[in-house]
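The following exercises are intended for a reader who meets this structure here for the first time. Please work through each task before consulting its solution.

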Amino acid sequence: MPSHVLVPLDGSPQARHAIGFVAEEWPDARVTLLHVIDPVKAGYRAGVLPTGSEDWYQQAQADADDLLAEGRDQFVGERDGSDVAVETVTEVGRPAATIVEQARDLDADHVVVGSHGRRGVSRLLLGSVAEHVARRSPVPVTIVR
C-alpha cells in the first residue's frame, strides 16, 4: 500500500476520476496534487509582446491555483472531510517529464494519472502523457480513465 501518492491534474474529467480513485483505494495515503504549467501552450502570443509572457504566466498560475484548490476540495470531500494530508505543487515544464521528475523529487511511492484514452493518429500527434509517465516513472503508476 502506498504511503505517498502523486496525482497530476490537468482539469480533465479523467484527472478528477484519478482523485476519486486514490481517495477510495488508499484512504490513509499522503497525497500530492500536481499541476504542470506547459509553456508550449503560451504559443506565439507570449513571444510577440514583451509583457505577453508575464501576463500569460500570471494567468496560468492563477488557473493552476484554482484547479489545485478544486482538486483538494474534491479529495477532502471524498474522504468525508477527515483529516488528510493533501499537498499541492505547481511546476513549469513539459508535463510528462515534469511528472516523472516530481515523482522522484517528492519521494512519492505511487503515481495515479488520468488518461484521455486517445488512439490512432490523435495519440501519435498529441502524444500520451500517461504512457510517458508509465514508461519512465521511478515508481509504480496507475492509469485511470
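**Exercise 1: A β-α-β unit**

In this predicted model, strand 1, helix 1 and strand 2 form a β-α-β unit that is right-handed. Determine in which sense strand 1 and strand 2 pair, and over how many bridges.

Solution. Step one: locate the elements, with strand 1 at residues 4-8, helix 1 at 13-25 and strand 2 at 30-37. Step two: examine the pairing, which is parallel and extends over 5 bridges. Step three: take one bridge as an example; P8 has L34 of strand 2 as its bridge partner.

**Exercise 2: The other neighbour of strand 2**

Identify the strand that 7 bridges join to strand 2, and state how the two run.

Solution. Step one: the strand sought is strand 3, residues 86-92, and the two run parallel. Step two: one bridge partner can be named, since I37 is matched with V92 in strand 3. Step three: consider how covered strand 2 is; of its 8 residues, 7 are buried.

**Exercise 3: The nonpolar cores**

State how many residues the largest nonpolar core has, and which elements give two or more residues to this core.

Solution. Step one: the largest nonpolar core has 19 residues, and V5, V7, L9, V22, L33, F75 and V112 are those with the most contacts inside it. Step two: the elements giving two or more residues are strand 1, helix 1, strand 2 and helix 3, the last of these spanning 52-78. Step three: helix 1 makes the greatest contribution, with 5 residues. Step four: follow the contacts of F75, leaving aside residues up to four places away in sequence; F75 touches I19, V22, A23, V31, V84 and V86. Step five: a second core, separate from this one, has 11 residues, including L6, A103, A108 and V111.

**Exercise 4: The whole chain**

Describe the order of helices and strands along the protein chain, and state what share of its 145 residues is buried.

Solution. Step one: the protein chain has 6 helices and 5 strands. Step two: read along the sequence, these follow the pattern β-α-β-α-α-β-α-β-α-α-β. Step three: buried residues amount to 41% of the 145 residues. Step four: turn to the surface, where the chain exposes about 8,300 Å², with carbon and sulfur atoms supplying 49% of this area. Step five: among contacts with a separation of 6 or more, 79% are between residues 24 or more positions apart.

Definitions and conventions. Residues numbered from 1 in each chain as written. Predicted model: local features only at pLDDT ≥ 70, side-chain atom pairs only at ≥ 80, totals over all residues. Heavy atoms only, no water. Core = buried A, V, L, I, M, F, W, Y, C linked by side-chain atoms within 4.5 Å. Buried < 20%, exposed > 50% of the residue type's maximum accessible area, 1.4 Å probe, protein only. Helix = DSSP H or I, 4+ residues; strand = E, 2+ residues; numbered from the N terminus. Contact = heavy atoms within 4.5 Å. Areas by Shrake-Rupley, 256 points an atom, 1.4 Å probe, with all protein chains shown as cover. Pairing = 2+ DSSP bridges. Right-handed = clockwise from strand over helix to strand, strands pointing away.
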